[in-house]
Amino acid sequence: MEFIAANDLDEALAAKAQHADAQLLAGGTDLMVEINLAHHRPTRVISLRRVEDLKDLSPGRIGAGVTWARLERNGHQGLAQAARTVGSPQIRAAGTIGGNVGMASPAGDGLPWIAAAEASIEVRSMERGARTIPWNEFFIGVKRTSLETDEIITAVVVPEDVPTAQEFAKVGARNAMVISTVSCIVMQGDDGVRVALGSVATTPMRATRAEEMINAESTISDSVLSEFARIVSREVRPITDHRSTEAYRRHASGVLARRLVERSLR
Amino acid sequence: MTTRITSGVKGGIGTSVLRPDGEPKVIGNFAYASDLSSENMLWGATLRSPHAHARLTKLDTAPALAMAGVRAVVTQDDVPGEPLFGQEEQDQPVLCDGTARYWGEPVAVVAAEDEETARRAAAAILVEWEPVAPVDDPDRAADEGSTFREMKIRRGDEAAMGSVVVEGFYETATQDQAPLGPEAGFAIPDGEGGLDLYLTSQWIHVDHRQIIACLDMEPDQIRCHPAGIGGAFGSREDISLHIHVAMLSLATGRPVKMVYDRSESFVGHVKRHPSRMWYRHEADDEGNLVKVTARLVFDGGAYAHTSRAVLANAAFFTVGAYRCDNVVVDAIAAKTNNPPCGAMRGFGAVQTCFGSEMQMDRLAEALDMDPLDIRRRNALAPGDPLATSGQIIEGSLPTLAVIDAVEAIPLPDPLDDDDPRLLPGGTGLTSPASSVVRGVGYAVGVKNLAFSEGFDDFAEARVVMTTAGVEVHTAAMEVGQGLVTVCQQIARTILGTDQVAVVWDDTSQIGSAGSTSASRQTQMTGGAVHAASVGLRDRIITEHEGDELREDGVYRNGDRVATIAEICANGPVEYHERFRHPETFEPDENGQGDVHAGLVVAAHRAVVDVDPELGLVRVIRVDTAQDVGKALNPQAITGQLEGGIMQGVGLAVMEQLVVDRGVIKNPTFTDYLIPTFVDAPDVETRIIEEGDHWGPFGAKGIGESPTISSTPAIVAAISNAIGKDLTRVPVLPEDIIGNAALEVAPLS
């Protein structure tokens, strides 16, 4: 295995341009598990750990190399809540949002927030420079993205008008350090309620029909919330696997969405 | 080579002396088996079956042997001696004998210059399989007579009837011991055709017996040494890589090291038997048990291991810590193509305690009685016959005392919503306080101490007086439980000196200590150390015509008559003891007889917060009152009680190996979940001291007891919170919510 430790973004982009098959390494919290389990044996690895250009964090732009530990303390509220649910303190100190985006696991804890925030993924290649891809064009399937082989994820770009009322919740099979069974985020802004969910489809998803329904109501009553929850449950597209069942994931999606609307109104 | 643990700490029995291995473990200086290495060392790796049941139609090791750095590939054809091994019944081939009978069964092992090459070489072996439909349903296996043991208990009047009857069907999942130290072994050739083996084990003498049989070697050619062990909980009672690493070292003439990684560990050791249990309890109008009828089906998996003994334990504790004169039990250990099962903390008593305690709660409900009152009314006490075997209980059994003591512990404060991470769902922030209900549940558990059913159960120890202090020699495995301090404390107390070192001998230097299992080493090896210390003390006092042994010599009427140097003038003085517990007997055809040497009882009270709508649970508190006989080291007891409860929490609410047609779907810590700090309840403990009829100073073993009734107490608490019977562990969200509530159609 060849190991390339890039010192800055240009070095990383040059290496990636030269080696399309090279595996990018940031925190290593997903990649090393894959390697240890022998699911994945990359022949070449480009480490991004020394690339300071990726570590900038501002409200409008979250560098790909920003760790969960930083987001837990300095991120947008919903993202901070999501960051707290990632692994253990050691994992959060190493794992990055860029890794989460790049792995594109349906269970990625940061991804529902990106969907609700209408954020975009900024990527860059040596040859073509930067481009910014809307989240729903970036995530295209289970662990599949529209990233080209010579590109590196550089940042998550957050619109200025992202609502400040954000509430996140995640159901797992234990009370901490667990892969999500269902995760959900609700934002309340000028355009109404936004709902995004994880682990209930091949990609992070917005519950658009539930959003339309609730945003058409003038007051949010109990019966409106019940109907809203029911539509979320019906709208998600989960599967049954060794972690949970389709039925439970539908149920929990609706319950979480409803509770988060209530929480964000408090 | 012997490992010597000395300790600067002082203290006899009844004090919480610190463990000499504690600090090295905390700061990372302790040498675990997986840390061993030597010059010129090779690494071993294992090729495993990808099928739960298949015929091996082709096995070609040539591609592996052709790889640079590969030094040997060993298959079943290379086994020089007995082709089969097993602790109770020799039924498992050392390596695949042409048929794979479980997923992950070892097929071939490779030795290479480095770990990565060894693994790649194992993967390079050419194998072809013809899959066969696996037998994965234990009930079907039982119906077809595919069993390791079928057992019946018939006591009293089969026609007896109670006025109140409750029936239930209960299931427990496959639990893994999940010790943090993986399986590891290190083999070093002695230059004369023999080997020194450093092993993770719970009983090196029984490993030794199996290893020499399969290698066709004389006992003195193979020496098994204890190595540093990171937990066991039953997983190391059976052979894993022991024979493989020995064969690779013999084949290459070089030291060989093998270490399983986490996923391999999940397939490389036996597990807790999953069970299906049907129960009928009958009582009179006052709540006195009249009759208990049960059918138990335990899935033993592909090979026997300790399934026979586990099943017997389960059956003998079908009724729990209660009197009942009429008992009918049919128990079966089925043989399937599922992962092999064997020992795990509680050893069969965990499963039946869950079933019987759920039944006691249902009976209380049917009678409109308090759950503790029905337990008190039927509580087993010394002099009573055990409900199943009918043996009269000797020694102490403070069932009423543990119930009263646990009830008297103050309940925790009401729901605290200051920190949302302490609510169900934890850091996931799923559950506002308004969505949470609280429940309280109790359970009582009883279990046998040491080996039962007529097994010749003994432990050897040798206590040696030297001018530098006392040495306690033993081959008992210290797996993390704290035997080292108990041995020191006992010897200090008897011999009047704090200068006591425990020396771990290999199999050529001392006889067996028996297994570090069955809650037995405090009583058995502790008993041997006690008896050897008494023997040594009396020998020295008699030799010097004194009346007392103190730290600095023998005294007579208060005057010293011999110094330690004078006692050891002709070299160290020693006393060897082979200690046995009271004799036990095989049960008759109806399961009757004096099958157990002693019993231990505990009670647990769990307090849980439940989010019924999402089916999430947080276990707030698990309090316990524990029968200990005599507390030799109170802090070590607290450690066992808290740790045992954590494994009980795991089985109650999260731990299960998901097995689909014989294949384990979650052999990682990503998906086999054990409790984290956030899941850990607070624990209040009460220690009940009523001396037992054997064992040092009346002490009892308490290694398993905390795991037995903690699980049903938690399930009872969840039931209490949601007002609904629960019948399987772990309790999953679906069990709490109910499947009907989950019905929702997708949008078209």
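Two residues are in contact here if their C-beta atoms, placed from the backbone, lie within 7 Å. With that in hand, welcome to a predicted model in which chains A and B touch, through 32 residues of chain A and 34 residues of chain B. Chain B is divided into three domains, and a pair of its helices, H10(B) and H11(B), makes a nice close-up.

**A helix pair in chain B**
- Leu372(B), Arg375(B) and Arg376(B) of H10(B) meet Leu400(B), Ile403(B) and Glu407(B) of H11(B).
- Sorted by class, the residues of this contact are three nonpolar and three charged, with no polar ones.
- H10(B) spans residues 371-378 and H11(B) residues 399-408; their axes lie 9 Å apart, at an angle of about 160 degrees.
- Angles over 145 degrees count as roughly antiparallel, so that is how H10(B) and H11(B) run relative to each other.
- The crossing of H10(B) past H11(B) is left-handed.

**Domains of chain B**
- Domain 1 covers 3-30 + 458-580, domain 2 covers 34-133 + 182-229 + 236-268, and domain 3 covers 275-451 + 589-740.
- Between domains 1 and 2 of chain B, the contact involves 15 residues from each.
- On the domain 1 side of that contact, nine residues are polar, five nonpolar and one charged.
- The centres of these two domains, taken over C-alpha atoms, are 36 Å apart.

**Where chain A meets chain B**
- On chain A, helix H4 (77-84), strand E11 (165-171), helix H10 (222-235) and helix H11 (246-265) each supply at least two residues to the side touching chain B.
- H11(A) gives the most, with eight residues.
- This side of chain A has 14 nonpolar, nine polar and nine charged residues.

Notes
Residues are numbered from 1 along each chain as its sequence is written. Chains are lettered from A and ligands numbered from 1 in the order in which they are written. This is a predicted model: local features need pLDDT of at least 70, side-chain atom pairs count only at pLDDT 80 or more; totals for chains, interfaces and linings use all residues. Domain bounds come from an automatic or database domain assignment. Ala, Val, Leu, Ile, Met, Phe, Trp, Tyr, Cys and Pro count as nonpolar, Asp, Glu, Lys and Arg as charged, and the others, Gly among them, as polar. Helices (H or I, at least four residues) and strands (E, at least two) are DSSP runs, numbered from the N terminus. Axes are lines fitted to C-alpha atoms, for helices over the stretch in contact, and angles run from 0 to 180 degrees between N-to-C directions. Angles under 35 degrees count as roughly parallel, over 145 as roughly antiparallel, 65 to 115 as roughly perpendicular and the rest as oblique. A crossing is left-handed if the near helix is turned anticlockwise from the far one by less than a right angle, and right-handed if clockwise.
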